[in-house]
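Please look at the sequence and the 3D structure below. The report then works through the fold, piece by piece.

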Amino acid sequence: MSDRLTAAQLAEIEARAKAATPGEWEAFGLFGNEAHVWVNGRLIASGLTRNDARLVAHARTDIPALLRDLRAAREALEESAAQFEHYERLHREKRTTDDNLKALVNWGFAQFARAALPEETPSGE
């Protein structure tokens with residue numbers, strides 16, 4: 001059994017995220033024993049721990065961002081795999097050189113890394 005999310009599971013997660021109340025989700029009471037989550041001035045969760053309240057409040061923006069990044073990484077991986085398969089076939093048919101194949105592999109890893117890894121923020125910003 002694979003631990004990877006299927007396209008259907010991703011679609012379900014995205015549908016739940018889109019169906020959630022739009023607006024700014026905020027966690028309050030983070031310094032007492034109980035924390036609460038408010039959306040657009042309306043209480044939606046109470047009696048939470050501070051960490052749970054932070055998770056709920058940030059889920060509204062974190063989940064869509066994670067879905068975008070996951071899709072971009074998967075698309076980059078699929079594109080790299082397709083390119084690699086193409087050049088591997090050419091290499092087997094002796095229609096390309098080892099150097100071309102190595103260059104393609106390096107290109108594919110670079111494409112995947114750009115999509116999958118966060119951009120670096122210069123220090124001082």
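## A pair to start with

Trp-38 has Leu-43 in strand 3 as its bridge partner. Strands and helices here are DSSP runs, numbered from the N terminus: a strand is E over at least two residues, and a helix is H or I over at least four. Strand 2, residues 35-39, pairs with strand 3 in the antiparallel sense, over four bridges. Two strands count as paired if DSSP finds at least two bridges between them.

This is a predicted model, in which local features need pLDDT of at least 70 and side-chain atom pairs count only at pLDDT 80 or more, while totals for chains, interfaces and linings use all residues. Residues are numbered from 1 along each chain as its sequence is written, and side-chain values use heavy atoms, with hydrogens and water left out.

## The chain as a whole

The protein chain has three helices and three strands. From the N terminus on, their order is α-β-β-β-α-α. The chain has 125 residues, and 18% of them count as buried. Buried means under 20% relative accessible area, exposed means over 50%, and partly exposed lies in between (1.4 Å probe, protein chains only).

The protein chain exposes about 9,600 Å². Carbon and sulfur atoms supply 54% of that area. Accessible areas come from the Shrake-Rupley method with a 1.4 Å probe; for residues, only the protein chains shown count as cover. Now take the contacts in the chain with a separation of 6 or more: residues 24 or more positions apart account for 40% of them. A contact means heavy atoms within 4.5 Å.

## The sheet

Strands of a sheet pair through backbone hydrogen bonds, either parallel or antiparallel. Which kind of pairing does the open sheet of three strands have? The pairing is antiparallel, and the strand order is 1-2-3. Strand 1 (25-28) and strand 3 (42-48) stand at the edges. Each has a single partner strand, so one side of each is left without a neighbour in the sheet. From one strand to the next, the twist averages 20°. Axes are lines fitted to C-alpha atoms, for helices over the stretch in contact, and angles run from 0 to 180 degrees between N-to-C directions.

Strand 1 and strand 2 run antiparallel and are joined by four bridges. Ala-27 has Val-37 in strand 2 as its bridge partner. On the other pairing, Val-39 has Arg-42 in strand 3 as its bridge partner. Strand 2 and strand 3 form a hairpin, with two residues between them. Asn-40 sits in the turn and has a positive phi of about 50°.

## Two faces and a core

In a regular strand the side chains alternate between the two faces of the sheet. Strand 2 shows this alternation. Ala-35, Val-37 and Val-39 point to one face and are buried. His-36 and Trp-38 point to the other face and are not buried.

The largest nonpolar core has nine residues: Ala-20, Trp-25, Ala-35, Val-37, Val-39, Ala-45, Leu-48, Ala-53 and Ala-57. Such a core is a set of buried Ala, Val, Leu, Ile, Met, Phe, Trp, Tyr and Cys residues joined through side-chain atoms within 4.5 Å. Strand 2, strand 3 and helix 2 each give two or more residues to this core. Strand 2 gives the largest share, three residues. Leu-48 touches Asn-33, Glu-34, Ala-35, Val-37, Ala-53 and Val-56, not counting residues up to four places away in sequence.

## Salt bridges between helices

Side chains of opposite charge can pair when their charged atoms come close. A salt bridge here is a side-chain nitrogen of Lys or Arg within 4 Å of a carboxyl oxygen of Asp or Glu. By this rule, how many salt bridges are there? The count comes to two. Glu-14 and Lys-18 form one of them, at 3.9 Å, N to O. They are four residues apart in helix 1, and so about one helical turn separates them. Glu-14 is partly exposed at 25% relative accessibility, while Lys-18 is exposed at 63%.

Arg-71 and Glu-14 also meet in a salt bridge, at 3.3 Å, N to O. Arg-71 lies in helix 2 and Glu-14 in helix 1, so the pair ties together parts that are 57 residues apart in sequence. Arg-71 is partly exposed, at 30%. Glu-14, Lys-18 and Arg-71 are thus linked in a network of salt bridges.
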